[in-house]
Amino acid sequence: EGTLGGAAAQSGRYFGAAIASGRLGDGAYTSIAGREFNSVTPENEMKPDATEPQQGRFSFAAGDRVYNWAVQNGKQVRGHTLAWHSQQPGWMQNLGGGALRQAMVNHINGVMAHYKGKLVQWDVVNEAFADGSSGARRDSNLQRTGNDWIEVAFRTARAADPGAKLCYNDYNIENWTWAKTQAVYSMVKDFKQRGVPIDCVGFQSHFNNDSPYDGNFRTTLRSFAALGVDVAVTELDVQGAPATTYANVANDCLSVPRCLGITVWGVRDTDSWRSEQSPLLFDGNGNKKPAYTSVLGAL
Ligand code: XIL
């Protein structure tokens, strides 16, 4: 028997899930989530469009609902996310240059002040690199404010809440041979060399037929950890939820002392942003799938 969170805790790690505030009234959902996980990431509630819907007017109601549910049920919380090209409020989408840069800084300060001392990690910057073979930054309004926007975000975040681990988070950086992985690795190496405050790298791990799991994921985790940052699997889901892949990811994390834990991106398949892929550990009826058993066994 046992639970995912309990098994992960045996090695000092956590096993978390993305939690949606709108589902907290669903007893089947909260009973599984309350039992199995010891870490929570708000799926959408701490993103810029949720927390600063109008410029300078912060809104923490939904984020607080998820945070309070987590704490009342004994779970730690990862903040997600402060600076991102996506899910920006409309007013931010329309900004650029110095006004956007200042708005980003104000946003980080406003949100981190509200949650100061409460969150174990923050995804400070999300998805800043381009897909494909370029190894370049992703074009976005934030990137167009200047290449230093990421380090400004991290320096701002460190000053705002010195107690939170500050993470860079991205997808398609799990495979060590991919250009995007190497580009993020180079940035983290540079940040560590220059003293830019970064504590962790989050590997989203949305595995599917286009971006499949590869056995070199543990090489990636180990290589980043060797730079002096923690690593975490932050948004795990796998098309078809093959039991072997889930066990492999768990074993990869366990093989790296600086791997803090694993978060799956939802509870039941029907809760998933990619529900058509049935990528999670519980089916729509809340039954444990083979991947659940295999990942629990690996922990
Ligand atoms: C997704 C949520 O799951 C959806 O509900 C929302 O509509 C879009 O965002 N990478 C991330 C997450 O960092 O924030 C995304 O979450 C999934 C991809």
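Two strands count as paired here if DSSP finds at least two bridges between them. With that in hand, let us walk through the structure above, which is a predicted model.

A good place to start is strand β1, residues 14-19. In β9, the strand that covers residues 259-264, Gly261 is the bridge partner of Tyr14. The pairing of β1 with β9 is parallel and spans four bridges. β1 also runs parallel to strand β2, residues 39-42, and four bridges join these two strands as well. If you would like a residue to look for there, find Ala17, which stands opposite Val40 in β2. To get from β1 to β2, the chain passes through helix α2, residues 27-36, and this β-α-β crossover is right-handed.

How enclosed is β1 by the rest of the structure? Six of its six residues are buried, so β1 is largely enclosed. In a regular strand, side chains alternate between the two faces of the sheet. In β1, Tyr14, Gly16 and Ala18 are on one side, while Phe15, Ala17 and Ile19 are on the other. Both of these faces are covered, and every one of those residues is buried.

Now move along to strand β6, residues 200-203. Here Cys200 and Gly202 point one way and Val201 and Phe203 the other way, and all are buried. Strand β5, residues 165-170, runs parallel to β6 and is joined to it by four bridges. Within that pairing, Cys200 in β6 has Cys167 opposite it. The route from β5 to β6 goes through helix α8, residues 179-194, in a right-handed β-α-β crossover. β6 is also joined to strand β8, residues 230-238, by four bridges, and again the strands run parallel. Phe203 has Val233 in β8 as its bridge partner.

Next come some details of the backbone. The peptide bond that joins His80 and Thr81 is cis, with omega at about 0°. Thr81 is part of strand β3, residues 76-84. Is Thr81 buried or exposed? Thr81 counts as buried because its relative accessibility is 0%, and the cut-off for buried is under 20%. The side chain of Thr81 reaches the backbone oxygen of Asp123 at 2.7 Å.

A second threonine is worth a visit. Thr156 sits in helix α7, residues 149-160. A polar atom of the Thr156 side chain lies 2.7 Å from the backbone oxygen of Val152. Thr156 has a relative accessible area of 12%, so it is buried.

Two residues catch the eye for their phi angles. Asn172 is not a glycine, yet it has a positive phi of about 55°. You will find Asn172 in the loop between β5 and α8, on the stretch of chain that crosses from β5 to β6. Asn172 counts as buried because its relative accessibility is 18%. Glu127 is not a glycine either, and it has a positive phi of about 55°. The place of Glu127 is the loop between β4 (121-126) and α7. With a relative accessible area of 11%, Glu127 is buried. From C-alpha to C-alpha, Glu127 and Arg138 are 7.9 Å apart in space, and they are 11 residues apart in sequence.

Glu127 also brings us to the last stop, the largest pocket. Rolling a probe the size of a water molecule over the atoms shows where empty space is left. In this model, the largest pocket holds about 300 Å³ of space. Which residues lie nearest the centre of the largest pocket? They are Glu127, Gln204, His206, Trp273 and Arg274, out of a lining of 19 residues. Sorted by class, that lining has nine polar, six charged and four nonpolar residues. So Glu127, with its positive phi and its buried position, is also one of the residues nearest the centre of the largest pocket.

Note on methods
Residues are numbered from 1 along each chain as its sequence is written. This is a predicted model: local features need pLDDT of at least 70, side-chain atom pairs count only at pLDDT 80 or more; totals for chains, interfaces and linings use all residues. Side-chain values use heavy atoms; hydrogens and water are left out. On a 1 Å grid over the protein atoms alone, a cavity is a set of points where a 1.4 Å probe fits but cannot get out, and a pocket is an open set with protein on both sides within 12 Å along at least five of seven lines; lining residues have an atom within 4 Å of a point. Grid points are joined across faces, edges and corners, and a volume is the space filled by probe spheres set on the points. Ala, Val, Leu, Ile, Met, Phe, Trp, Tyr, Cys and Pro count as nonpolar, Asp, Glu, Lys and Arg as charged, and the others, Gly among them, as polar. Buried means under 20% relative accessible area, exposed over 50%, partly exposed in between (1.4 Å probe, protein chains only). A crossover is right-handed if, with the strands pointing away from the viewer, the path from the first strand over the helix to the second runs clockwise. A polar contact is a pair of N or O atoms within 3.5 Å; within protein, one must be able to donate a hydrogen and the other to accept it, and residues adjacent in sequence count only if both atoms are side-chain atoms.
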